[in-house]
Amino acid sequence: MIAPLMPTYNRADLAFERGEGAWLYTADGRRFLDFGAGIATSSLGHGHPHLVAAIAEQAARVMHVSNLYRVPQAERLAARLVENSFADSVFFCNSGAEANEGMVKMIRRAQASTGHGERTEIICFDGAFHGRTLAMLSATGNVKYLSGFGEPVSGFRHVPLNNLNAVRDAIGPRTAGIMIEPIQGESGVNAATIRFLRELRAACDEFGLLLGFDEVQSGMGRTGKLFAHQWADVRPDVVSTAKGIGGGFPLGAILATEAVAQHLTAGSHGTTFGGNPLACAAGNAVLDVLLSDGFLEGVQTRGALLKRELDALVRARPDVFESVRAHETAPGLMQGLRCRVPVAEMQAASLAEGLLVVGAGDDVLRIIPPLVVTDADCREAAARLARAAERVRPQGADAAPAATLANSLAAAS
Ligand SMILES: *Cc1c(COP(=O)(O)O)cnc(C)c1O
């Protein structure tokens, strides 16, 4: 019989009762070092006193009023995002997929409102992940996710990442814009090169296209700047973000220039929960920390430390690990460890060592800890990964039995 909670996920048989910083605790007292951060979302870690207080205080005052009224918390959060980015205006929603849907709508609407109603097509990239709504499934383009859900939504085409010729070949009279993750997360931490992002900007300018960055995962401080595209010094037209922006509270945002945002006039787009007082109180509390003196620089420093630790791991165990995946100049706290064993095995072995990491495509283990991790947390994670490597069976070897999820849960402490 089907479980009351619909079984759309392969969950580990593990439940956490509480957390503190980068650590999560089960009811029976086992503790785990969380280098997955609920998929790059618990940006301030667990139980961060400032975030907890902001949410509790706002919840006690008023949680939700709808967008029929002014929401000062949303006005303040939008103003702060504008002040710290390329954007002139911000729309709040509830998830990454919803932010991307809005980004695509904005791009199409801006084209239509400036005399180019025929321009509806968005160029996307192989290996992309933009979410699970019907349209974003098509933007993602992964046949595995599309299977059984009917006709794909039209208007999205895919070209290889970091290949300008392929992009230029794909541009036609119906092209409206380009949507790209500066660093692809789900497909295994594949970064667009700085050069490629600059070339995309130039191509968009040449053909009158709009450039949209999906920074749902790479944004909100993950690379040590508020947004990953800032490392390339490229000015986008629209950016979507979500995951880390609420520190675990559901919140998404679309940031846009006035030239684009002005076309999304009153009544043209909306969402009931989007930008409510509670969500924006969480967003403001997260931003308080991210924008505090030296915080983002700290993410850069700890990212570099983590990269050195992971590089050392690859050198020590080339039989288990192939390489470290990260942005070319800014590894930050979004790194991947490409494994020579199936990633599920490596993930299970890490769990057995009390380390939470997230699997990604291409047999890559995603290392995406809370942004508040300490140097000691990073060293501890690397030490646990080294011990996890002892548990897996390198390809072709017949040493230790392969780790499974079941025996790793039994072993964790
Ligand atoms: C997670 C993710 C999404 C989807 O976000 P949801 O909140 O799950 O809808 C979209 N784009 C990227 C780059 C992501 O990492």
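**Figure 1. Residues surrounding the ligand in the predicted model.** The shell around the ligand is formed by Ser95, Gly96, Ala97, Asn100, Phe129, His130, Gly131, Glu181, Asp214, Val216, Gln217 and Lys243. Sorted by class, this shell contains three nonpolar, six polar and three charged residues. Helix α4, which spans residues 96-113, contributes the most to the shell, with three residues.

**Figure 2. Polar atoms of Gly96, Gln217 and Lys243 beside ligand oxygen atoms.** At Gly96, a polar backbone atom is 2.8 Å from an oxygen atom of the ligand. Gln217 instead presents a polar side-chain atom, which lies 2.7 Å from a ligand oxygen atom. For Lys243, the separation between a polar side-chain atom and an oxygen atom of the ligand is 2.6 Å. On its own the ligand has 380 Å² of accessible area, of which the protein covers 81%.

**Figure 3. Crossing of helices α3 and α10.** Two packed helices are described by the angle between their axes and the distance between the axes. Here, the axes of α3 (residues 72-83) and α10 (residues 277-290) cross at roughly 35 degrees and come within 8 Å. The crossing in which α3 passes α10 is left-handed.

**Figure 4. Residues in the contact of α3 with α10.** From α3, the participating residues are Gln73, Ala74, Arg76, Leu77, Arg80 and Leu81. They meet Pro277, Cys280, Ala281, Gly283, Asn284, Leu287 and Asp288 of α10. By class, the residues of this contact comprise seven nonpolar, three polar and three charged.

How values were computed: Residues numbered from 1 in each chain as written. Predicted model: local features only at pLDDT ≥ 70, side-chain atom pairs only at ≥ 80, totals over all residues. Heavy atoms only, no water. Axes fitted to C-alpha atoms, helices over the stretch in contact; angles between N-to-C directions. Helix = DSSP H or I, 4+ residues; strand = E, 2+ residues; numbered from the N terminus. Left-handed = near helix turned anticlockwise from the far one by under 90°. Contact = heavy atoms within 4.5 Å. Nonpolar A, V, L, I, M, F, W, Y, C, P; charged D, E, K, R; others polar. Near = heavy atom within 4 Å. Polar contact = N/O pair within 3.5 Å; in protein donor to acceptor, adjacent residues only side chain to side chain. Areas by Shrake-Rupley, 256 points an atom, 1.4 Å probe, with all protein chains shown as cover.
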